[in-house]
Amino acid sequence: MIKINLKNLEIVVEKEIKKTDNLKDLDKIFRKYLGKKGKITLIFNSLKKLPVNERKDLGKQANLIKIEIDRMIKKKSKEFKKEKREAQLKKERIDVTRPGKKIKIGHLHPLTLVQREIGEIFQSMGFSIVVGPEVETEWYNFDALNIPEDHPARDMWDTFWLKEKLLLRTHTSPVQIRYMEKHQPPLRIIVPGRVFRHEATDASHEIQFYQLEGLVVDKNVSAANFRAVIEEFLKRFFKTDIEIRLRPGFFPFTEPSFEIDARREKGDWLEVMGAGMVHPNVFKTVGLNPKSWQGFAFGMGLDRLAMLKYKISDTRLFYSSDLRFLKQF
Ligand code: DAH
């Protein structure tokens with residue numbers, strides 16, 4: 001026979017509920033009284049052992065208190081949930097008047113920008129853009145350009161040699177040969193691309209850099225035409241006064257050859273280009289008669305032109321992946 005003062009129990013439970021400050025404890029109280037082995041549940045389970053009249057009475061009371069406990073717990077639980085929600089809302093409040101976060105979008109590398117800009121200028125002067133392989137054969141990189149094996153001129157290009165007479169091209173000039181082998185003059189091309197030199201690096205030298213080769217072949221082409229094209233190009237590329245000077249130079253694939261230096265605002269001269277009139281041996285190599293055809297060629301350092309244009313003091317910055325530098329373009 002279970003003797004419980006049910007009214008008293010209700011007060012005890014009420015106090016317990018009042019003291020809880022979290023859902024977990026509240027759940028413990030629920031299980032303590034209304035769970036499978038809860039006190040009230042046990043009362044229900046014991047009812048069948050009682051005489052009918054007592055059973056009815058106790059059953060009714062137990063049912064009432066069950067409903068009451070249930071109600072109190074649900075109420076408290078609602079309060080907890082509400083508090084939690086309010087705290088969360090407070091924390092996550094969005095100030096819709098604040099300025100938004102800018103989405104970061106990348107952009108092209110300064111050398112790519114310069115390459116494209118130069119390409120457009122030359123295209124508007126009737127040049128086509130042509131590309132060639134970065135891994136070259138010794139023959140295209142040297143022999144075909146009138147630089148035979150053991151010729152001291154090979155020392156002008158410190159070369160990364162690969163296996164079996166292959167190398168990383170030291171200049172874009174081999175594409176002149178590749179193009180003339182397949183196309184008949186008159187022709188006007190530029191060849192942008194990456195080249196490699198096995199050299200010590202410093203502020204104006206890198207082991208890899210970009211060049212832009214040019215080649216014009218026609219019946220009547222002179223060094224004066226070359227000068228006019230290059231001056232027009234430089235004027236449009238720099239959009240400001242750039243001083244240039246031509247010095248006599250030596251390249252095995254041109255005769256005569258020049259070196260072109262450029263500077264802005266009385267700054268230091270920077271060698272930006274080699275050039276010259278296409279050597280008769282080069283024409284012979286690709287099966288053109290040097291008596292019928294003339295041409296000029298040039299090879300400019302893209303990195304150096306970019307340095308002049310943007311007043312960059314160190315070429316290594318282009319390859320440093322330093323966002324503080326790259327973001328400025
Ligand atoms: N290929 C030469 C170099 O990398 C540059 C050059 C000089 C290219 C004269 C030419 C040229 O086409 O005519 O040093």
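**Exercise 1.** In this predicted model, determine how many bridges join strand E8 to E9, and how the two strands run.

*Solution.* Begin with strand E8, residues 270-278, which is joined to E9 by five bridges, the two strands running antiparallel. Then look for a residue pair along this pairing: methionine 273 stands opposite methionine 300 in E9.

**Exercise 2.** Find how many bridges join strand E5 to E9, and say how many residues of E9 are buried.

*Solution.* Strand E5, residues 208-218, is joined to E9 by eight bridges, and these strands run antiparallel. Within this pairing, valine 216 has phenylalanine 296 of E9 as its bridge partner. Turning to E9 itself, residues 294-301, one finds that six of its eight residues are buried, so that the strand is mostly covered, buried here meaning under 20% relative accessible area.

**Exercise 3.** Identify the residues that touch the most other members of the largest nonpolar core.

*Solution.* This core has 40 residues, and those touching the most other members are Ile118, Phe122, Phe226, Phe233, Phe298, Met300 and Leu305. Its largest share, seven residues, comes from helix H8, residues 223-238. Apart from it lies another core, of 27 residues, which includes Leu145, Leu215, Val282 and Leu288.

**Exercise 4.** List the buried residues of helix H3 and name helices that help to cover them.

*Solution.* In helix H3, residues 39-46, the buried residues are Ile40, Thr41, Ile43 and Ser46. What covers them includes helix H1 (6-19), helix H2 (23-34) and helix H4 (52-91). For the wider setting, the chain is divided into domain 1 (2-91) and domain 2 (110-326), whose centres, taken over C-alpha atoms, are separated by 90 Å.

Conventions
Residues numbered from 1 in each chain as written. Predicted model: local features only at pLDDT ≥ 70, side-chain atom pairs only at ≥ 80, totals over all residues. Heavy atoms only, no water. Buried < 20%, exposed > 50% of the residue type's maximum accessible area, 1.4 Å probe, protein only. Helix = DSSP H or I, 4+ residues; strand = E, 2+ residues; numbered from the N terminus. Contact = heavy atoms within 4.5 Å. Domains from an automatic or database assignment. Pairing = 2+ DSSP bridges. Core = buried A, V, L, I, M, F, W, Y, C linked by side-chain atoms within 4.5 Å.
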